[in-house]
Structures are given as C-alpha cells and as structure tokens.
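Here's a quick briefing to read alongside the fold. Have the structure open and follow along by topic.

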Amino acid sequence: MPRHPSIPSEEALALQPIAITSSCFKDKFGVPRQPGLTRHARADLIIQPPYNREDAFRGLETASNIWLIFQFHEAVRAEWRPVVRPPRLGGNQKMGVFASRSPFRPNSLGLSVVRNEGLVIKDGKLTLQISDHDLIDGTPILDIKPYLPFADSVPDAALGWAESAPTERLDVVFLPEAEAQLASLPVEQYPDLKLLIADVVSYDPRPSFRRGRDEERIYGAHLYDLNVRFRFVNDHSQKRVEVLTVC
C-alpha cells in the first residue's frame with residue numbers, strides 16, 4: 001500500500017539531541033513551572049557531536065534570549081491523556097492537554113525562552129550557558145533558535161485562565177545553620193545560590209493539594225549537588241518558608 005503523502009517518513013521524524021542539559025535542578029521537585037520565574041537558575045547546554053561546531057552558533061552571541069525545544073525526558077509515557085489538571089488552576093480543574101503547558105503530552109516536547117549567557121569551551125566541550133530556565137538535569141535539547149522581539153512578543157495576547165505571572169510569594173527565612181552552610185560554599189561554584197533557593201521555595205513547590213497548609217513535614221530540593229531542606233510555617237500572623245539546611 002503506498003504511503004499517504006501527508007505522513008512523513010520515519011526517517012523525517014527521527015530526532016537527535018543537539019545538546020544535553022547540565023542543570024542546577026537535579027530533579028523535578030522545586031523546578032519553576034515556567035522559565036523566568038527563577039531568575040538565578042543557571043545551566044550548561046553541552047553541545048553534542050556532530051553539532052559541536054562553533055560556526056553553527058555564529059551570530060547567536062547577539063541574542064539576549066533564545067528558544068529551546070526540548071523533551072520532557074522524565075515525563076515520557078506509553079499512553080497520553082486528552083485532559084490534564086494544571087497546577088495554576090489548583091489541580092482541581094481539567095483542561096485539554098493542548099490548552100496547557102503540561103509535560104504529560106504526546107511526543108513529550110517542551111518549549112522555553114531562556115537567557116543566553118554565551119558560548120564557551122568548558123572541560124574541553126562546546127557549551128552554551130543559559131539562565132532563567134526551567135530545565136532539569138539531563139534534559140535533551142532538540143533545537144535552539146533566537147528569540148525575535150518583534151515577532152515573538154505579543155503584548156495583547158490573552159489566554160483566559162493564566163493571564164499573568166504568579167505574584168503570590170511566601171516570605172523566606174534562612175535559619176542560622178543554613179546561613180552558616182551557605183557562607184562556607186564557594187561563590188564561583190554556586191552562583192547566586194541563596195537567591196536561587198529563595199526563588200524556588202517562595203513559590204511553594206508543593207503539589208497543589210498541599211499548598212497553603214501548615215505541616216510538620218520537612219521537604220528537600222536538590223540544587224546543584226546540594227540538598228536544601230525546608231518547611232512551611234503558618235503561625236496565623238505570617239505564612240513563611242524556613243530554610244533549615246543547605247548541605
């Protein structure tokens with residue numbers, strides 16, 4: 001039977017990662033739900049052969065921001081679902097998967113705008129440095145494109161249910177042990193670490209059904225090679241997050 005002309009061949013659909021992400025976020029818990037919410041997040045995109053040629057990136061140095069097309073490699077499932085429960089709606093309302101930014105989707109593809117921090121040679125490998133991102137360690141990058149301000153910014157765009165960035169943030173308090181541990185860490189190895197931690201925990205990374213609760217449970221998020229332990233406190237006068245240890 002002849003192939004339908006509108007269906008691409010398997011060869012045309014084959015994708016090979018251009019880069020692999022080395023990220024400050026080592027697992028999914030604590031990763032911002034959109035890029036740009038955590039301004040102090042940094043990552044290295046380690047360019048893979050045969051794309052590790054500097055001339056392939058010629059001119060990208062003038063772009064302040066770039067688009068990344070990537071795979072949600074830890075969300076790949078054998079079956080997809082037509083509806084999801086977006087965290088922005090409290091996890092209680094269902095939306096069509098194509099009306100959401102959920103990672104649980106056909107082909108498991110993601111799209112993010114990140115800040116371009118420049119191309120360097122690091123440990124002998126061509127590396128594109130980025131910040132303001134939402135990628136976990138090991139994320140495969142499938143394409144890199146410059147962000148075009150005149151075409152990619154639509155000031156009057158509307159969605160209807162997530163019109164603006166989340167503004168509600170909890171106060172963050174670093175307890176003395178966490179402060180001492182932060183002070184002992186080399187700044188060049190952990191840039192803006194305290195600010196990164198504050199960004200991550202202030203948005204309350206807990207599942208939607210746990211948000212707003214005062215609970216005894218201690219949470220942990222892996223940033224770089226560190227385990228950040230924190231808890232949520234509601235003493236009726238102030239909701240806050242207490243960072244307990246950073247080690």
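A salt bridge here is a side-chain nitrogen of Lys or Arg within 4 Å of a carboxyl oxygen of Asp or Glu. Aspartate 199 and arginine 169 fit that rule, with their closest N and O atoms 2.6 Å apart. Keep in mind that this is a predicted model.

**The overall picture**

- The protein is built from four helices and 12 strands.
- It has 247 residues, and 36% of them count as buried.
- About 14900 Å² of the protein is exposed, with carbon and sulfur atoms supplying 53% of that area.
- If you take the contacts with a separation of 6 or more, 69% of them are between residues 24 or more positions apart.

**Salt bridges**

- The count comes to 12 salt bridges.
- Back to aspartate 199 and arginine 169: the aspartate sits in helix α4 and the arginine in the loop between α2 (149–152) and β9, so this pair ties together parts that are 30 residues apart in sequence.
- Aspartate 199 is buried, at 8% relative accessibility, whereas arginine 169 is partly exposed, at 37%.
- Lysine 26 pairs with aspartate 137, and their closest N and O atoms are 3.3 Å apart.
- That lysine is in the loop between β1 (19–23) and β2 (42–47), while aspartate 137 is in the loop between β7 (125–131) and β8 (140–146), so the bridge links parts that are 111 residues apart in sequence.
- Lysine 26 counts as partly exposed, at 32% relative accessibility, and aspartate 137 is partly exposed too, at 29%.
- Arginine 206 bridges to aspartate 204, with the closest N and O atoms 2.9 Å apart; arginine 206 and aspartate 204 are both buried.
- Arg39, Arg115 and Asp132 are joined into one network by salt bridges that share partners.

**Nonpolar cores**

- The largest nonpolar core has 28 residues, and the ones with the most contacts inside it are Phe25, Leu193, Leu196, Ile197, Phe230, Val243 and Val246.
- At least two residues of this core come from each of α3, α4, β10 (219–223), β11 (226–234) and β12.
- Helix α4 gives the largest share, with six residues.
- There's also a second, separate core of 18 residues, and its members include Ala19, Phe57, Phe70 and Leu128.

**A look at helix α3**

- Which residues of α3 are buried? In this helix, which runs over residues 176–183, they are Ala178, Gln181 and Leu182.
- These three are on the same side of α3, because they cover an arc of only 100 degrees around the axis.
- Their packing partners are β9 (171–174), α4 (193–202) and β12 (239–246).
- On the face turned away from that buried side, you'll find the exposed residues Pro176 and Ala183.

**Cysteines**

- How many disulfides does the model have? The count comes to zero.
- Is cysteine 24 buried or exposed? Cysteine 24 is buried, with a relative accessible area of 1%.
- Cysteine 247, on the other hand, counts as exposed, at 52% relative accessibility; the cut-off for exposed is over 50%.

Conventions. Residues are numbered from 1 along each chain as its sequence is written. This is a predicted model: local features need pLDDT of at least 70, side-chain atom pairs count only at pLDDT 80 or more; totals for chains, interfaces and linings use all residues. Side-chain values use heavy atoms; hydrogens and water are left out. Buried means under 20% relative accessible area, exposed over 50%, partly exposed in between (1.4 Å probe, protein chains only). The arc is that of the directions from the helix axis to the C-beta atoms. Contact means heavy atoms within 4.5 Å. A nonpolar core is a set of buried Ala, Val, Leu, Ile, Met, Phe, Trp, Tyr and Cys residues joined through side-chain atoms within 4.5 Å. Accessible areas come from the Shrake-Rupley method with a 1.4 Å probe; for residues, only the protein chains shown count as cover. A disulfide is a pair of cysteine sulfur atoms within 2.5 Å.
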